[in-house]
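Welcome! Have the chain in view and take a slow turn around it before reading on. The notes below are grouped by topic, so you can follow them one stop at a time.

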Amino acid sequence: MKVYFLGTGTSQGIPVIGSDHPVCKSLDSKDKRLRVSVLLRWDDYSYVIDCGPDFRQQMLTSNCHKVDGIIFTHEHADHTAGLDDIRPFNFRQGEMPIYAHQRVIDNMKARFDYVFETVNKYPGAPSVKTIEVVNNQPFAIGDKMAVPVNVMHGDLQVFGYRIDDFAYLTDVKTIEETEIYKLKNLKVLVVNALREEPHFSHFNLQEALDFIALVKPEKAYLTHISHIMGFHEEVQQKLPENVFLAYDNLEITL
C-alpha cells in the first residue's frame, strides 16, 4: 500500500492568508501545507481520508483519476469542505461511497443539502452513497478492512483508522486505553502534532512524541502542522530517528 500525503497543514493551511510569519514566507516547498488529507493506493484501489477545501488542487497535483471512496474522520470544514469537488469522479464512476460517523453524515446533509436531495435534484450535483462508521465495527474498503479508532478532539469525537499495519489519526487530544490497544504492532503511524505550545484540542509536539513512544510503531509521521511549529528542516532535526515531519506530496510505501 502506498500512502500519499495530499495535505499536512492545519485548518488555515500554510502560508496563512496575510501572515508575515517567517514560515509563511519560506521558499522551501516542505513549508507549504494544504489542508490535511491522505490518499491510500494499493492494487487497483484508491481511497481518500478526508476531503477538505483543497481537494480539487490535491487531486490534480497527485494525478489521481479514480477514488473508490472517501473516509471521513469528523465534520470540521478543513476535513469536509471539498465534497462538491467529487463531481468529476461522479461523472466517470457514478455515486461516491463516503464513510463516516452518523453525526458527520447528518452534518454534511445539513451543509450540503443539494448533494443529498432526492426530489428534483440538480443533474450536475455531486452524488454519494453513505456508509455509517460505528466504533468497534471494522468495515470493508476494497479487499481490505478498516478499523475505526475512537479519539477525542477536545470535546468532539473523531475517528482515526487502521488499515493493515498502517494507522492514521488526526485532530487527537486524548484517547482511551482500549483504543490504543488497536494500534499495536504498526509499521507506520500518522498522527497530528500542531505546534510546540499546548493546545486545547490537538496534540502538541511533545504529546505526539509521547504517544508515539507509547504505541511503538516502526515509523511515525507527524501531520496537521501549524506554521507556528517552525521550519520543516529545523523541526525534523529535533525528532527521534524513527519520527518524521510529513510534508505535502510525500509518498511512502508499506
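In which helix is Arg 56 found? Arg 56 sits in helix α1. Keep in mind that you are looking at a predicted model. We begin with the pockets, then visit two helices, the cysteines, two threonines and some backbone details.

**The largest pocket**

- The largest pocket has a volume of about 220 Å³.
- Its lining is made up of Phe 55, Arg 56, Met 59, Leu 60, Asn 63, Cys 64, His 65, Asp 85, Pro 88, Phe 89 and Arg 92.
- Two elements, α1 (55-61) and α3 (87-93), each give two or more residues to the lining of the largest pocket.
- The top contributor to this lining is α1, with four residues.
- By residue type, the lining of the largest pocket has six nonpolar, two polar and three charged residues.
- Arg 56, one of the lining residues, has a relative accessible area of 53%. Because exposed means over 50%, Arg 56 counts as exposed.
- To get a feel for distance, find Tyr 99: it is 43 residues from Arg 56 along the chain, and their C-alpha atoms are separated by 19 Å.

**The second largest pocket**

- The second largest pocket has a volume of about 150 Å³.
- It is lined by 13 residues, and those closest to its centre are Thr 10, Ser 11, Gln 12, Leu 194 and Ser 226.
- Here the lining divides into two nonpolar, eight polar and three charged residues.

**Two helices, each with a buried face**

- Which residues of helix α4 (residues 102-111) are buried? They are Val 104, Ile 105 and Met 108.
- If you look down the axis of α4, these buried residues fall within an arc of 100°, so they line one face of the helix.
- The buried residues of α4 pack against α2 (77-80), β5 (96-100), α5 (113-116) and β6 (128-132).
- Helix α7 (residues 205-215) has its own buried set: Leu 205, Ala 208, Leu 209, Phe 211, Ile 212 and Val 215.
- Seen down the axis of α7, its buried residues fall within an arc of 160°, so they also line one face of their helix.
- The cover over the buried residues of α7 includes β10 (166-169), α6 (177-180), β11 (188-192), β12 and β13 (243-245).
- Just after α7 comes Lys 216, which has a positive phi near 60°.

**Cysteines**

- How many disulfides are there? The count comes to zero.
- Cys 51 is in no disulfide, and the nearest cysteine sulfur, that of Cys 64, is 12 Å away. A disulfide needs the two sulfur atoms within 2.5 Å, so this pair does not qualify.
- Is Cys 51 buried or exposed? With a relative accessibility of 0%, Cys 51 counts as buried.
- Cys 24 is buried too, with a relative accessible area of 7%.

**Two buried threonines**

- Thr 10 lies in the loop between β1 (2-7) and β2 (37-42), and it counts as buried at 11% relative accessibility.
- Although Thr 10 and Arg 35 are 25 residues apart in sequence, their C-alpha atoms are 6.0 Å apart in space.
- Leaving aside residues up to four places away in sequence, Thr 10 touches Arg 35, Leu 194, His 224, Ile 225 and Ser 226.
- Thr 223 belongs to strand β12 (residues 219-223), and it is buried, with a relative accessible area of 0%.
- With residues up to four places away in sequence again left out, Thr 223 touches Gly 7, Thr 8, Val 36, Val 190, Val 191, Asn 192 and Ala 193.

**Backbone details to look for**

- Ile 14 and Pro 15 are joined by a cis peptide bond, with omega about 5°. Pro 15 is in the loop between β1 and β2.
- Asp 50 is not a glycine, yet its phi is positive, about 70°. You will find Asp 50 in the loop between β3 (45-49) and α1, and it is buried at a relative accessible area of 0%.
- Asn 249 also has a positive phi, near 75°. Its place is the loop between β13 and β14 (251-253), where Asn 249 is partly exposed at 39% relative accessibility.

Notes:
Residues are numbered from 1 along each chain as its sequence is written. This is a predicted model: local features need pLDDT of at least 70, side-chain atom pairs count only at pLDDT 80 or more; totals for chains, interfaces and linings use all residues. Side-chain values use heavy atoms; hydrogens and water are left out. On a 1 Å grid over the protein atoms alone, a cavity is a set of points where a 1.4 Å probe fits but cannot get out, and a pocket is an open set with protein on both sides within 12 Å along at least five of seven lines; lining residues have an atom within 4 Å of a point. Grid points are joined across faces, edges and corners, and a volume is the space filled by probe spheres set on the points. Ala, Val, Leu, Ile, Met, Phe, Trp, Tyr, Cys and Pro count as nonpolar, Asp, Glu, Lys and Arg as charged, and the others, Gly among them, as polar. Buried means under 20% relative accessible area, exposed over 50%, partly exposed in between (1.4 Å probe, protein chains only). The arc is that of the directions from the helix axis to the C-beta atoms. Contact means heavy atoms within 4.5 Å.
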